[in-house]
There are 2 protein chains.
Amino acid sequence: MKLVSPGEAAANTNDMSDKAGEDLVRIGEMAKKYGVTLRTLRFYEDKGLLNPQRDGSTRLYTRRDKARLKLILLGRKVGFSLRDVKQMMDLYDPTGSNTKQLRLTLDKSEKQLARLRKQRALIDDAINELSNSMAAVRQMLSERSAPQASVAG
Amino acid sequence: MKLVSPGEAAANTNDMSDKAGEDLVRIGEMAKKYGVTLRTLRFYEDKGLLNPQRDGSTRLYTRRDKARLKLILLGRKVGFSLRDVKQMMDLYDPTGSNTKQLRLTLDKSEKQLARLRKQRALIDDAINELSNSMAAVRQMLSERSAPQASVAG
DNA sequence: TATAGAATTGACGTAAACGTAAGGGTGCAA
DNA sequence: TTGCACCCTTACGTTTACGTCAATTCTATA
């Protein structure tokens with residue numbers, strides 16, 4: 001069964017679903033579209049983060065999957081683990097107000113924000129220490145007549 | 001053979017070496033002194049970063065080892081890998097001017113500094129993105145009457 | 001129909017710096 | 001002699017997010 005020939009995603013002549021305009025794409029196109037590898041998409045599915053339809057064994061991603069993938073990638077970008085992302089997404093309920101999900105997300109976000117700030121502080125420390133060390137090394141290089149005062153011993 | 005009874009590091013009645021005042025310590029004291037675990041010290045030795053003497057099978061760390069450990073810990077703090085630290089330390093030659101070592105150190109330091117700055121930029125990005133998301137989530141929480149506009153789909 | 005291009009599952013490999021457990025030895029104080 | 005406080009080596013486990021085959025199958029097209 002032909003779905004979307006590689007290279008033309010718009011003209012879908014498929015009669016897969018009762019809903020028109022489902023815009024199904026296979027894994028290759030999906031990967032290209034979002035700059036991830038096939039392995040990554042399969043991995044996310046294995047971890048329960050994605051759940052594409054199947055045509056036989058072939059994965060078919062809907063725009064729902066695309067939305068989820070976007071969220072995953074955003075989550076990864078801000079430093080959430082896949083586990084965190086899953087926890088937050090698992091709380092999604094299309095019928096409710098999603099208050100719980102939003103609260104959890106906010107809670108995790110606050111913690112992550114704190115971690116990020118801590119990390120930044122550590123990096124700033126490291127930058128300072130490293131700059132100092134470099135100054136010292138430069139000193140020693142400029143005074144190449146003091147064999148005793150080496151940096152390692 | 002008794003070397004340094006635990007708790008008194010100064011009064012060494014040992015006749016280990018011909019050099020007086022060697023100030024040898026065993027692994028436990030070394031670990032405590034520098035806030036690392038025994039495993040860490042053994043690991044560093046296994047990786048060729050430390051080379052303590054032995055009394056039978058017992059490791060004895062000299063002040064040379066202490067200096068090296070300090071360097072290792074500084075290196076780790078500024079984000080060098082142990083491999084990098086080893087490369088730099090391996091170039092140390094007590095008889096020379098250590099120009100090569102210093103140059104390598106400076107070179108690696110510059111690269112590491114660049115990495116640190118890049119990382120900091122990434123973190124700043126993440127902080128911004130996360131802050132934006134959080135604002136959006138707070139919005140949605142405050143308008144708990146819009147079921148359609150959920151964060152996950 | 002042959003062939004290239006896409007897709008599948010399964011499963012081991014990778015990186016870094018140790019953690020942790022197992023099994024065993026040594027010395028010293030009560 | 002018991003027991004504790006140290007010490008030793010060996011070796012597998014941990015974490016996270018995939019990478020990298022391998023062997024096979026499906027599909028479209030020239």
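**Two copies and a DNA strand**

Tutor: In this predicted model, a turn of 180° with a shift of 0.0 Å along the axis lays chain A on chain B with an RMSD of 0.1 Å.

Student: What makes the two copies related as by a two-fold rotation axis?

Tutor: The turn is 180° and the shift along the axis is 0.0 Å; the two copies are therefore related as by a two-fold rotation axis. In chain A, the C-alpha nearest the axis belongs to Arg120(A), 3.0 Å from it.

Student: How do you know that the same surface serves both copies?

Tutor: Of the contact residues of chain A, 100% recur in chain B.

Student: How many residues of each chain are in contact?

Tutor: 39 residues of chain A are in contact with 39 residues of chain B. A pair counts if the C-beta atoms, placed from the backbone, lie within 7 Å. On the side of chain A that touches chain B, α3 (63–77) and α5 (99–142) are the elements that give two or more residues. The largest share comes from α5(A), with 22 residues. By class, this side of chain A has 20 nonpolar, 12 polar and seven charged residues.

Student: Which residues come nearest to DNA strand C?

Tutor: Arg26(A), Gly28(A), Arg59(A), Thr37(B) and Arg39(B) come nearest, out of the 19 residues around the strand. A residue is near the strand if its C-beta atom, placed from the backbone, lies within 6 Å of it.

Student: Which elements supply at least two residues each to that surface?

Tutor: From chain A they are α1 (27–34), α2 (38–46) and β2 (58–60), and from chain B they are α2 (38–46) and α4 (82–90). By class, the surface near DNA strand C has eight charged, six polar and five nonpolar residues.

Student: What does the domain assignment give for chain A?

Tutor: It gives domain 1 (1–90) and domain 2 (97–141). Their contact takes six residues from domain 1 of chain A and six residues from domain 2 of chain A. The side of domain 1 that touches domain 2 has three nonpolar, two polar and one charged residues.

Student: Where in chain A is the pLDDT below 50?

Tutor: The mean pLDDT of chain A is 85, and 80% of its residues reach 70 or more. Over residues 1–20 of chain A, however, the pLDDT is below 50, and this stretch has 20 contacts in the model beyond near neighbours in sequence. Residues 147–153 of chain A also have a pLDDT below 50, with 16 contacts beyond near neighbours in sequence.

Notes:
Residues are numbered from 1 along each chain as its sequence is written. Chains are lettered from A and ligands numbered from 1 in the order in which they are written. This is a predicted model: local features need pLDDT of at least 70, side-chain atom pairs count only at pLDDT 80 or more; totals for chains, interfaces and linings use all residues. Helices (H or I, at least four residues) and strands (E, at least two) are DSSP runs, numbered from the N terminus. Ala, Val, Leu, Ile, Met, Phe, Trp, Tyr, Cys and Pro count as nonpolar, Asp, Glu, Lys and Arg as charged, and the others, Gly among them, as polar. Copies are superposed by least squares on the C-alpha atoms of residues with pLDDT of at least 70 in both. Two residues are in contact if their C-beta atoms, placed from the backbone, lie within 7 Å. pLDDT is the predictor's confidence in each residue, from 0 to 100. Domain bounds come from an automatic or database domain assignment.
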